[in-house]
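Colleague: Could you take me through one part of this model in some detail? I would like to see how a single helix sits among the strands around it, and then how that region fits into the rest.

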Amino acid sequence: MTATAGHTRSETDQAAPRRRRPGLVVAGAGLALVAALLAGVWVGALPLPPGAVVVTLLDRLLDPFGLHLSGGLDGTHEAVLLQLRLPRVLLAALVGAGLAVSGAAYQGVFRNPLADPYLLGAAAGAGLGATLVIAYAPSQTLGPFGIVPLAAFVGALVGVGCALALGTAAGGSHTATLLLAGVAVAAFLAAAQTLVQQQNTEDLREVYGWLLGQLGRAQWSDVVLVLPYLAPACLVLLFCGRALDVLAVGDDEASALGVHPGRLRLLVILAASMATASAVAVSGLIGFVGLVVPHIARRLVGGSHSRVLPVSLLVGAGFLVLADLIARVVLAPAELPIGVVTAFVGAPFFAGLLWVGARRR
Amino acid sequence: MNDTTAQAPPGGARVEVVGLSASYGRTRVLESVRLTVEPGGWLAIIGPNGSGKSTLLRSILGFHPHQGLVRIDGVPTTGMPRRDRARYLAYAPQTPVLPEGVTTRDYVTLGRTPHRPLLSAPRGVDRQVVADVMDRLGLRPLAERPLATLSGGEQQRAVLARALAQQPRVLLLDEPTASLDLGHAQQVLDLVDRLRRQDGLTVLSTLHDLTLAGQYADRLALLSEGRVVAEGAPAEVLTPAALHTHYGARAEVVAGPHGPAVLPVRAAD
């Protein structure tokens, strides 16, 4: 009987690697993130004693409950920790988490492993927004917030909005049309950004620094600025994992399973763009995180989005904290743009993943 | 509550298609199609390339804009929420998209989507239905394997399992044997026939292989240029004259124990 013959062949052919348990992976990624965060606050131009850092942090956490610990950092060191290191490390974690989750969501929505959160014009739009205000309204502020993040945030959303509008007008909800619309919008906005930049060459350095990504000026106000947008957007994306799994079987089959692919795609794109725009607003254009981290997550927990998204979030946060640490240390006291580090670390790592993946096949 | 359906799958539903017309742009591809499939019946839609077979299935499922009416057990599907429709109709496309890095079990579990909240995890009843379906289709040993590592026949069984996990009352299959060799094609069709007889499922499929269509389906509808030009028992529809007129084919039709077999004949010099 052919049926039984087919069976035995499959049973003996169990060479495929067993997936690691998702719970363990999430726990491991969480621990790695905590380790990265601690390393991030310990290491720097002024090294802080690890034990005292932990004591100070615990002291601060327990403060509302009227408990106090002794053995913390002294005044200067405490100021470095609380005013410089901590906001910077937290911001790096937030930005990394946002970019990685958005990247995983974009890759899921477009069923394309090359998709990244900058695909639909978010990067180009943010770049144009930031360049415009750096060139024409440099030192404006809005309340406690600088104007560059706000301009970048609005620019990113405008970019994605244009791509969505153009894509929808041209081809309904087809992903290929949407991708092409994104390419067109991104190219146009990038050209406009270059034009503004060339007309204002005296600001070139600052614009360039922004474009490469930077966390050097991170403050608590940046954390406060992104959190209200980034956190809900990431939550929505995490909840969409199972829906993205349904979408992965194609639009017709997803419809046959009772899902509205167009609506779902729009929701995911909007949430991912919100997360990306807020990340870009405070950090500039940090590349590679949104592209590479989802691949790492898939390697760890398989292709199911309900697992890839949370693992991407944790890995992305840890990855960017470490990248920022490297950016601070390598040329100390000068700093490398963090985008350079992510590419330097990310590109060989990505190549390695491809290499291993190709050999496994 | 649909939870009770886990133990006792409902039988098949009657499918009625009345005056269904559909177009691609300005080109009419279906013209006033009228079909009825009795509960537990298997209707195979046959017809030459481009006659509108796939579009007919996609219109019945509501994926393709159309005029006319589709009724499931007398209930029109127009205006029916997608989730409700997905509890009646399950669909296996001609070339299913098999997501990468997803295990067979996770893939089959997607079939539970219309029975649970979209954003929540599968419940006990979902896992039970999935396990039952996988046992019936002999997929248990493949449960934790990535779909991509399965053979063509195994993948086709996984697609069927996903459709069955929907606990549908009608199974719509677009060329279920398209990428399979003869032996695997027969296995899949035997399986569909067995499921149909055990659960009383209604099956509506397209099949381009006329002999397989004649052997397995209990009724055939011959579609030509968007119209149903013949409908009835296989022996009534598969005639040399009809094959000549609508396929431009020269063929003999041989009566077999389970239905007619079509034998292509080379032209005499």
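**Around one helix of chain B**

Modeller: Happy to. Let me begin with a small landmark in the same chain: B:Ala251 stands opposite B:Pro264 in strand 12 of chain B. That pair belongs to an antiparallel pairing of strand 11 (residues 251–256) and strand 12 (residues 259–264) of chain B, held over 6 bridges. A hairpin of 2 residues links strand 11 of chain B to strand 12 of chain B. Please keep in mind that this is a predicted model.

Now to the helix itself. Helix 1 of chain B spans residues 53–60 and is mostly covered, with 7 of its 8 residues buried. The buried residues are B:Lys53, B:Thr55, B:Leu56, B:Leu57, B:Arg58, B:Ser59 and B:Ile60, so each of these has 20 or more other C-beta atoms within 10 Å of its own. Just after the helix, B:Gly62 takes a positive phi of about 85°.

What does the helix lie across? On the one hand, helix 1 of chain B lies across strand 1, strand 2 and strand 4 (66–72) of chain B, and runs at about 65° to strand 2 of chain B. On the other hand, helix 1 of chain B also lies across strand 3 (42–46), strand 7, strand 8 (202–206) and strand 9 (219–224) of chain B, with an angle of about 150° to strand 7 of chain B.

Take the strands of the first group. They are found in an open sheet of 4 strands in chain B, ordered 2-1-4-5, with antiparallel pairing. Its edge strands are strand 2 (27–37) and strand 5 (75–76) of chain B, each pairing on one side only. Strand 1 (residues 15–24) of chain B is joined to strand 2 of chain B by 7 bridges in the antiparallel sense. Within chain B, B:Tyr24 stands opposite B:Thr27 in strand 2.

The second group belongs to an open sheet of 6 strands in chain B, in the order 6-7-8-3-9-10 and with mixed pairing. Strand 6 (89–92) and strand 10 (227–232) of chain B each have a single partner strand, so one side of each is left without a neighbour in the sheet. On average, neighbouring strands of this sheet are turned by 15° against each other, direction ignored. At one edge, strand 6 of chain B runs parallel to strand 7 (residues 170–174) of chain B, and 4 bridges join them. There, B:Leu89 stands opposite B:Val170 in strand 7 of chain B.

As for the wider setting, 28 residues of chain A are in contact with 35 residues of chain B. On the side of chain A that touches chain B, the elements giving two or more residues are helix 1 (2–12), helix 10 (241–247) and helix 11 (251–256) of chain A. Helix 1 of chain A gives the most, with 6 residues. By class, that side of chain A has 10 nonpolar, 11 polar and 7 charged residues.

Chain A is itself divided into domain 1 (47–80) and domain 2 (90–360), and the centres of these two domains of chain A, taken over C-alpha atoms, are separated by 34 Å. One residue to look up there is A:Pro232, placed in helix 9 (residues 220–239) of chain A. A:Pro232 counts as partly exposed because it has 13 C-beta neighbours inside 10 Å. C-alpha to C-alpha, A:Pro232 and A:Ala271 are 8.3 Å apart in space and 39 residues apart in sequence.

Notes. Residues are numbered from 1 along each chain as its sequence is written. Chains are lettered from A and ligands numbered from 1 in the order in which they are written. This is a predicted model: local features need pLDDT of at least 70, side-chain atom pairs count only at pLDDT 80 or more; totals for chains, interfaces and linings use all residues. A residue is buried if 20 or more other C-beta atoms lie within 10 Å of its own, exposed if 12 or fewer, and partly exposed in between; C-beta atoms are placed from the backbone. Two strands pair if DSSP finds at least two bridges between them. Axes are lines fitted to C-alpha atoms, for helices over the stretch in contact, and angles run from 0 to 180 degrees between N-to-C directions. Two residues are in contact if their C-beta atoms, placed from the backbone, lie within 7 Å. Domain bounds come from an automatic or database domain assignment. Ala, Val, Leu, Ile, Met, Phe, Trp, Tyr, Cys and Pro count as nonpolar, Asp, Glu, Lys and Arg as charged, and the others, Gly among them, as polar.
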